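Visitor: I would like a close look at a single part of this model, namely its nonpolar core, with the criteria stated as you go.

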Amino acid sequence: MKSPKFGVVVFPGSNCDHDTYYVLKKIFDLDVIFLWHKQSSLENCDVIILPGGFSYGDYLRTGAIARFSPIMNEVTRFANKGGYVLGICNGFQILLEAGLLPGIMIRNESLNFVCKDIYLKTENNETVFTQAINGQNILKVPIAHGEGNYFADENTLKELEENKQIVFRYSERDGSVTNAANPNGSIKNIAGIINKSGNVLGMMPHPERSSDSVLGKTDGSLIFKSLVNNILN
Amino acid sequence: MFKAKVLIKRRKTILDPQGKAVEIGAKHLGLINIKNTRIDKYIEFNVDTKSKKAAEDEVNDYCKKLLANPIMEDYEFTLEEVK
């Protein structure tokens, strides 16, 4: 069977592109390529990943400039046709600016850059990105961001809730969603959301940093595993 | 009390990396006539003094010591009396 092909987009200022590439190539043994932000072809990839980093120095607003990089026209077209797109951290911020996901990201409530392992409660394990997560649905995944404070207006939140688009929330180890477990002030502890059609996921935590057992944690690998399973089936 | 409106501008001869990065976005958008994008800082606050002179002195202090770096930035401001 043909291995799914992953494309990791490289923007000026991306810095998790190689980590993501490494996980897909070395841990999952998948076909993966880098896609420079100036190119206009997605080279027949089955999944597009917008990696973490600080594209264009985070100037103006996080993701605001990267969203107009030439490749984003293709990414938008691909997403609108149902192609799988995963935005991690800065990638999530770019998806928000591009309008592929609703809402915005503002500065962490504490004003601090937060870099630590957190627990994620999987609220929807029926998506193409989360189907391999089963059992207790709580993942230990690191975050590393200064602007992860997700915000959306009431109507948008209502819609997100109703359509089960809130995929991950920051939680305690036992899965309870508390203020204390919220690392950045994100509304309703939102850590990751999916679009209505279920093919575009944005998340602040870094699954690529918790996919290699050498690092002592592998919960993030379930997200990549879900995608692979879905494409192969 | 006075309302201060301060504009802090990076000197023209000093690179503005933010303006430069944002202008790349303009090019990608097809806005090819946009040139020399510079991003300055606009800051508003109140100064609770009776005299305008005292307010001016305090704003100058604030700008020189904290809001602007006189090595690379110039500032200008207006003061408007508020009730």
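Visitor: Among contacts in chain A between residues at least 6 apart in sequence, what percentage join residues at least 24 apart?

Guide: The share is 76%, where two residues are in contact if their C-beta atoms, placed from the backbone, lie within 7 Å. This is a predicted model, in which local features need pLDDT of at least 70 and side-chain atom pairs count only at pLDDT 80 or more, while totals for chains, interfaces and linings use all residues. Residues are numbered from 1 along each chain as its sequence is written, and chains are lettered from A and ligands numbered from 1 in the order in which they are written.

Of the 233 residues of chain A, 52% are buried, a residue being buried if 20 or more other C-beta atoms lie within 10 Å of its own. The largest nonpolar core (buried Ala, Val, Leu, Ile, Met, Phe, Trp, Tyr and Cys residues joined through C-beta atoms within 7 Å) has 70 residues, and those touching the most other members are Val9(A), Ile48(A), Ile49(A), Val85(A) and Leu95(A). Helix α2 of chain A, residues 71-80, gives the largest share of this core, 5 residues; helices here are DSSP runs of H or I with at least four residues, numbered from the N terminus. Leaving aside residues up to four places away in sequence, Val85(A) touches Ile48(A), Val75(A), Phe78(A), Ala79(A), Leu100(A), Asn199(A) and Val200(A). A second, separate core has 6 residues, among them Phe2(B), Ala55(B), Cys63(B) and Ala68(B).

Conventions
A residue is buried if 20 or more other C-beta atoms lie within 10 Å of its own, exposed if 12 or fewer, and partly exposed in between; C-beta atoms are placed from the backbone. Helices (H or I, at least four residues) and strands (E, at least two) are DSSP runs, numbered from the N terminus.
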